[in-house]
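Notebook open, model loaded. I want to go through the side chains and the helix packing, one lookup at a time.

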Amino acid sequence: MVLKPHYNPTKKYCWKWGIHFDLDSKEKKIIELDRAMEEPTFWDDPKESTKIVREAKQLKDTVEKYNKLKSEYEDIGVLIEMGYEENDESLIPEIEGMLE
């Protein structure tokens, strides 16, 4: 069996995901919230401080999840390229496992 490269429409859109998810704004907001949490008076209003902590956690979770998925996507792409370049069918099960 000869491995042949095929068109991957996802590749051209992958780097646009960061824009779609507005990660820059999320990361800036995380910095802003972290600074607010460092203020000595932060816990003076428990209701407001709890709200800020929750918002920061949610944003951090979203950014972390995006970064993890991006890394996995890149790893799969590297394996696919290696398989094509080396015509190595043994990588197919590993790639399929990563896609599940």
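Entry 1, Trp43. I checked the accessibility of Trp43 in this predicted model and got 55% relative accessibility. The cut-off for exposed is over 50%, so Trp43 counts as exposed. Next I looked up Phe42, which comes out at 9% relative accessibility. Buried means under 20%, so Phe42 goes down as buried.

Entry 2, ring pairs. How many aromatic pairs are there? I get a count of 1. The partners are Phe42 and Trp43, and their rings sit edge-to-face. I noted 4.9 Å centre to centre and 80° between the planes. The edge-to-face label follows because the planes are over 60 degrees apart.

Entry 3, the core. Which residues make up the largest nonpolar core? I wrote down 9 in all: Leu23, Ile30, Leu33, Phe42, Ile52, Ala56, Leu59, Val63 and Tyr66. Helix H3 (23–38) and helix H4 (46–86) are the elements that give two or more residues to this core. H4 gives the most, with 5 residues. I then picked Ile52 and listed its contacts, leaving out residues up to four places away in sequence: Ile52 touches Leu33, Met37 and Phe42.

Entry 4, H3 against H4. Two packed helices are described by the angle between their axes and the distance between the axes, so I looked up both. The axes of H3 and H4 come within 9 Å and cross at roughly 145°. I noted the crossing as left-handed. On the H3 side, the contact is made by Leu23, Lys26, Glu27, Lys29, Ile30, Leu33, Asp34 and Met37. From H4 come Ile52, Val53, Glu55, Ala56, Leu59, Lys60, Thr62, Val63 and Tyr66. I sorted the residues of this contact by type and got 10 nonpolar, 1 polar and 6 charged.

Entry 5, Asn87. This one caught my eye in the backbone angles: Asn87 has a positive phi of about 50°, although it is not a glycine. Where does Asn87 lie? I found Asn87 in the loop between H4 and helix H5 (91–99). Its relative accessibility is 36%, so I logged Asn87 as partly exposed.

Entry 6, whole chain. I counted 5 helices and 0 strands in the protein chain, and from the N terminus on the order reads α-α-α-α-α. Buried residues make up 18% of the 100 residues. Last, I took the contacts between residues at least 6 apart in sequence: 61% of them join residues at least 24 apart.

Technical notes. Residues are numbered from 1 along each chain as its sequence is written. This is a predicted model: local features need pLDDT of at least 70, side-chain atom pairs count only at pLDDT 80 or more; totals for chains, interfaces and linings use all residues. Side-chain values use heavy atoms; hydrogens and water are left out. Rings of Phe, Tyr and Trp (its six-membered ring) pair if their centres lie within 6.5 Å; planes under 30 degrees apart count as stacked, over 60 as edge-to-face and the rest as tilted. Buried means under 20% relative accessible area, exposed over 50%, partly exposed in between (1.4 Å probe, protein chains only). A nonpolar core is a set of buried Ala, Val, Leu, Ile, Met, Phe, Trp, Tyr and Cys residues joined through side-chain atoms within 4.5 Å. Contact means heavy atoms within 4.5 Å. Axes are lines fitted to C-alpha atoms, for helices over the stretch in contact, and angles run from 0 to 180 degrees between N-to-C directions. A crossing is left-handed if the near helix is turned anticlockwise from the far one by less than a right angle, and right-handed if clockwise. Ala, Val, Leu, Ile, Met, Phe, Trp, Tyr, Cys and Pro count as nonpolar, Asp, Glu, Lys and Arg as charged, and the others, Gly among them, as polar.
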